[in-house]
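Please open the model in a viewer and keep the sequence panel visible. The tour proceeds from the whole chain to individual selections.

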Amino acid sequence: MGIREQFESDLEKVKEDIVLLADMTETALQKAVDALYNQDIELAKTVINEDREIDRQEAEINDRTILLIAKQQPVASDLRRLVIALRVSADLERMADNAKNIAKSAIHLGEDHKLIIHPSIKEMRDMASEMMDTSMNAFQYEDISIAGKLSEMDDQVDDLYETVVREMLTETATNPEKVQYVMQMAFSARYIERYADHITNIGESILFLVKGESFKLN
């Protein structure tokens, strides 16, 4: 295998590992929100424990990407691909941290709390998952038309977040004894909103990769 062929193979392996990391991050969000709704403390602890593997995977991707840059000294579009790989993997790791924080909220509320988890949190989770799938599709095919869809999707998540916060503030005003519950709902919604923001970062990275200039989707 020639030098160019080896580089292409190594780069493709990095992309595949990023897609795998995205799957792990999306699973973490799914589990964390399920734990919140189902008062499943063990599932929440699983999310927290599995975050260590996500951190390890991100570090491994970074190490191999930096090694490729050092060994191959790529220029132009190849260098952009490797820089974007570092940016995307960093966003994915931070998204997993947001999922972990939702799991911590589930643990904070505990079991048998008899509280109703705001339905918009699940809607936010589902939209964020759809955004993740869209972003990875755009990433794999370097498709800016797909990446551009993320802006409108993020707006929907933001609207849901505002709904949760507005209704939680009303809940605090009428039921001050529920302040801890209200805080955890607001925190959880905020974590998903931040999760979605990182996905728009990925979209912006794809736009930069293809066009060579910065764009804002958030």
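**The whole chain**

Begin with all charged side chains selected: the mean positions of the 25 positive and 43 negative charges of the protein are 3 Å apart. Here Lys and Arg count as positive and Asp and Glu as negative, while His and the chain ends are not counted; each charge is placed at NZ of Lys, CZ of Arg, CG of Asp or CD of Glu.

This is a predicted model, in which local features need pLDDT of at least 70 and side-chain atom pairs count only at pLDDT 80 or more, whereas totals for chains, interfaces and linings use all residues. Residues are numbered from 1 along each chain as its sequence is written, and side-chain values use heavy atoms, with hydrogens and water left out.

Next, display the protein as a cartoon. It shows 7 helices and 0 strands; helices (H or I, at least four residues) and strands (E, at least two) are DSSP runs, numbered from the N terminus. The C-alpha atoms fill a box of roughly 70 × 35 × 20 Å along the principal axes. Of the 218 residues, 47% count as buried, a term for under 20% relative accessible area, with exposed meaning over 50% and partly exposed in between (1.4 Å probe, protein chains only).

**A buried methionine**

Select Met 136, which is placed in helix H4 (residues 119-141). Is Met 136 buried or exposed? Met 136 counts as buried because its relative accessibility is 6%. Leaving aside residues up to four places away in sequence, Met 136 touches Ile 18, Val 19, Ala 22, Val 88 and Ile 202; contact means heavy atoms within 4.5 Å. Add Leu 20 to the selection: its C-alpha atom is separated by 9.9 Å from that of Met 136, although the two residues are 116 apart along the chain.

**Two surface patches**

Turn to the surface. Patches are made of residues with over 30% relative accessible area and no salt bridge, like charges being joined within 9 Å and nonpolar side chains (Val, Leu, Ile, Met, Phe, Trp, Tyr) within 5 Å. A salt bridge is a side-chain nitrogen of Lys or Arg within 4 Å of a carboxyl oxygen of Asp or Glu.

Select Val 179, Met 183 and Phe 187, a nonpolar patch with about 220 Å² of accessible area together, computed by the Shrake-Rupley method with a 1.4 Å probe; for residues, only the protein chains shown count as cover. Phe 187 belongs to helix H7 (residues 179-211) and is partly exposed because its relative accessibility is 36%.

Finally, select Glu 152, Asp 155, Asp 159 and Glu 162, which gather in a patch of negative charge. Asp 155 lies in helix H6 (residues 150-174) and is partly exposed, with a relative accessible area of 41%.
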